[in-house]
Amino acid sequence: MGGPNLEVFKFGVYVFFPVVMLLHYGNPDWYAKNVLPYKEKIFPPEHRINTNLPTDSTTLKEELAKIRARNLERKAQREAE
């Protein structure tokens with residue numbers, strides 16, 4: 001149908017298209033300009049991520065009490081304004 005020239009062209013596209021995409025999107029400048037701003041909008045900042053979660057029920061209850069107290073404090077501040 002297409003002949004050997006078409007097959008050589010298709011092979012070239014199949015081989016070089018991923019390489020070109022890797023070079024374009026793997027560029028650190030492109031990543032810093034296009035990906036990092038959206039990452040900062042979507043994901044929470046590092047200081048807000050809690051990595052040490054409570055493992056037993058007493059510490060869990062204490063953490064829940066702290067969260068509830070903080071939420072009540074924020075609610076009282078909003079109502080005062």
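Q: Which residues gather in a patch of positive charge on the surface?
A: In this predicted model, the patch brings together Arg48, Arg70, Arg74, Lys75 and Arg78. Lys and Arg are the residue types that count as positive.

Q: What makes Arg74 partly exposed, and where is Arg74 found?
A: Arg74 has a relative accessible area of 46%. Buried would need under 20% and exposed over 50%, so Arg74 lands in between and gets called partly exposed. As for its place, Arg74 is found in helix H4, residues 57-80.

Q: How many salt bridges are there?
A: The count comes to 2. One of them links Lys10 with Glu7, and Glu63 pairs with Lys66 in a salt bridge too.

Q: What makes Lys10 and Glu7 a salt bridge?
A: Their closest N and O atoms are 3.5 Å apart. The cut-off is within 4 Å, so this pair passes.

Q: How do you know that Lys10 and Glu7 are separated by about one helical turn?
A: Both sit in helix H1 (residues 4-25) and are 3 residues apart, which means about one helical turn between them.

Q: Why are Lys10 and Glu7 each called partly exposed?
A: Lys10 has 30% relative accessibility, and Glu7 has a relative accessible area of 45%. Partly exposed covers what lies between the buried limit of 20% and the exposed limit of 50%, so the label fits Lys10 and Glu7.

Q: Why does the pair Glu63 and Lys66 count as a salt bridge?
A: Here the closest N and O atoms are 3.6 Å apart. That is within 4 Å, so the pair qualifies. Glu63 and Lys66 both lie in helix H4, 3 residues apart, about one turn of the helix.

Q: Is Lys66 buried or exposed, and what about Glu63?
A: Lys66 is at 53% relative accessibility; exposed starts over 50%, so Lys66 counts as exposed. Glu63 has a relative accessible area of 31%, which is in between the two limits, so Glu63 is partly exposed.

Q: How many aromatic pairs does the structure hold, and why is the pair of Tyr25 and Trp30 called edge-to-face?
A: The structure holds 1 aromatic pair. The ring centres of Tyr25 and Trp30 are 4.7 Å apart, with the planes at 80°. Centres within 6.5 Å make a pair, and planes over 60 degrees apart count as edge-to-face, so that is the name here.

Q: What makes Tyr25 and Trp30 partly exposed?
A: Tyr25 is at 43% relative accessibility and Trp30 is at 25%. Under 20% would be buried and over 50% exposed, so Tyr25 and Trp30 count as partly exposed.

How values were computed:
Residues are numbered from 1 along each chain as its sequence is written. This is a predicted model: local features need pLDDT of at least 70, side-chain atom pairs count only at pLDDT 80 or more; totals for chains, interfaces and linings use all residues. Side-chain values use heavy atoms; hydrogens and water are left out. Rings of Phe, Tyr and Trp (its six-membered ring) pair if their centres lie within 6.5 Å; planes under 30 degrees apart count as stacked, over 60 as edge-to-face and the rest as tilted. Buried means under 20% relative accessible area, exposed over 50%, partly exposed in between (1.4 Å probe, protein chains only). Patches are made of residues with over 30% relative accessible area and no salt bridge: like charges are joined within 9 Å, nonpolar side chains (Val, Leu, Ile, Met, Phe, Trp, Tyr) within 5 Å. Accessible areas come from the Shrake-Rupley method with a 1.4 Å probe; for residues, only the protein chains shown count as cover. A salt bridge is a side-chain nitrogen of Lys or Arg within 4 Å of a carboxyl oxygen of Asp or Glu. The place of a charge is taken as NZ of Lys, CZ of Arg, CG of Asp or CD of Glu. Helices (H or I, at least four residues) and strands (E, at least two) are DSSP runs, numbered from the N terminus.
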